[in-house]
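The following note sets out points for consideration on the model shown below. Each point is confined to computed features.

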Amino acid sequence: MTIIALTLSLCFVLFAVVLSRSFKLGLEKDVLIATLRAAIQLLIIGYVLNFIFGLEQLWVVGLFLLVMITVASLNVSKKGKSVPYMTIKVFLTLVIVEIVTQALLLGFGIIPATARYIIPISGMIIGNSMILGSLLVTRLRSEVTLRQREIILLLSLGGTPRQAILPVLKSAVRSSMIPTIDGQKTLGLVQLPGMMTGQIIAGADPITAVRFQLLIVFTTMTSAIITSILLSLFIAPSLFNKQQQLQTEPLEQ
């Protein structure tokens, strides 16, 4: 794609701004800021990745992944600011997810141990887990609020905090997984995923592109459910005080 073609594609952004202004949505500033940030961030990351791919040093790859996980953790932790050590809990969750998925991918020789494969795939896994983490915290907040009386009743009848909160956690995990599951059910019918589309545009054989996309589908599904379960288990103890009483403050924004 030439610079001229890329510049002309800004017409889509202009169209969005015009629509927002016409319907008085007040999104013009947000659209322009998002467009500018995306352009700057992607250009910077393009040069950074070009540098890292040239080095082929695993410690540099590991450092880059830690930066990605840290940024994702800070973003998710905004949904539960009052939860003690929320950023650390999210960080540990994402680290575990990354270790498990990469151990399987590299251990079975599914992908080569090179930056060109590890970083893009890790980016999709971490990004998907970040979205799942945000959804989980949001759903958990809603579930605890809606079922507060049920939880208190179970506690008053002699139930442990684990027994009282487990149904709520299960419901929150299931709800947070719905977008991922529904999205993957329609792959190839409603949408062509990003990796597959990019490879096809780059000239790759469609069957080869499908194989790589299936790899992403399988790993993101696994990473999504690991993220939801681990993060819910990390957050659950913060919902009760030392007297084993429910406290909703940690999930309040």
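Helices here are DSSP runs of type H or I with at least four residues, numbered from the N terminus. The model is a predicted one.

1. Tyrosine 85 lies in the loop between H4 and H5. Its phi is near 55°, a positive value in a residue other than glycine. Tyrosine 85 is also exposed, its relative accessible area being 65%.

2. A second residue with positive phi is lysine 24, where the angle is about 55° although the residue is not a glycine. Lysine 24 belongs to the loop between H2 and H3. With a relative accessible area of 76%, lysine 24 is exposed.

3. Phenylalanine 23 is located in the loop between helix H2 (10-22) and helix H3 (28-55). Its relative accessible area is 61%, so phenylalanine 23 counts as exposed. Together with Phe15, Leu19, Leu25 and Leu27, Phe23 makes a nonpolar surface patch of about 530 Å².

4. Turning to the interior, the largest nonpolar core comprises 51 residues, and Ile119, Ile151 and Ile165 have the most contacts inside it. At least two residues of this core are supplied by each of H3, helix H4 (58-77), helix H5 (86-107), helix H6 (115-146), helix H7 (148-156), helix H8 (161-185) and helix H10 (206-235). H6 provides the largest share, eleven residues.

5. Which residues does isoleucine 119 contact, leaving aside its neighbours within four places in sequence? They are Leu49, Ile52, Phe53, Val61, Phe64 and Leu65.

Methods. Residues are numbered from 1 along each chain as its sequence is written. This is a predicted model: local features need pLDDT of at least 70, side-chain atom pairs count only at pLDDT 80 or more; totals for chains, interfaces and linings use all residues. Side-chain values use heavy atoms; hydrogens and water are left out. Patches are made of residues with over 30% relative accessible area and no salt bridge: like charges are joined within 9 Å, nonpolar side chains (Val, Leu, Ile, Met, Phe, Trp, Tyr) within 5 Å. Accessible areas come from the Shrake-Rupley method with a 1.4 Å probe; for residues, only the protein chains shown count as cover. A salt bridge is a side-chain nitrogen of Lys or Arg within 4 Å of a carboxyl oxygen of Asp or Glu. Buried means under 20% relative accessible area, exposed over 50%, partly exposed in between (1.4 Å probe, protein chains only). A nonpolar core is a set of buried Ala, Val, Leu, Ile, Met, Phe, Trp, Tyr and Cys residues joined through side-chain atoms within 4.5 Å. Contact means heavy atoms within 4.5 Å.
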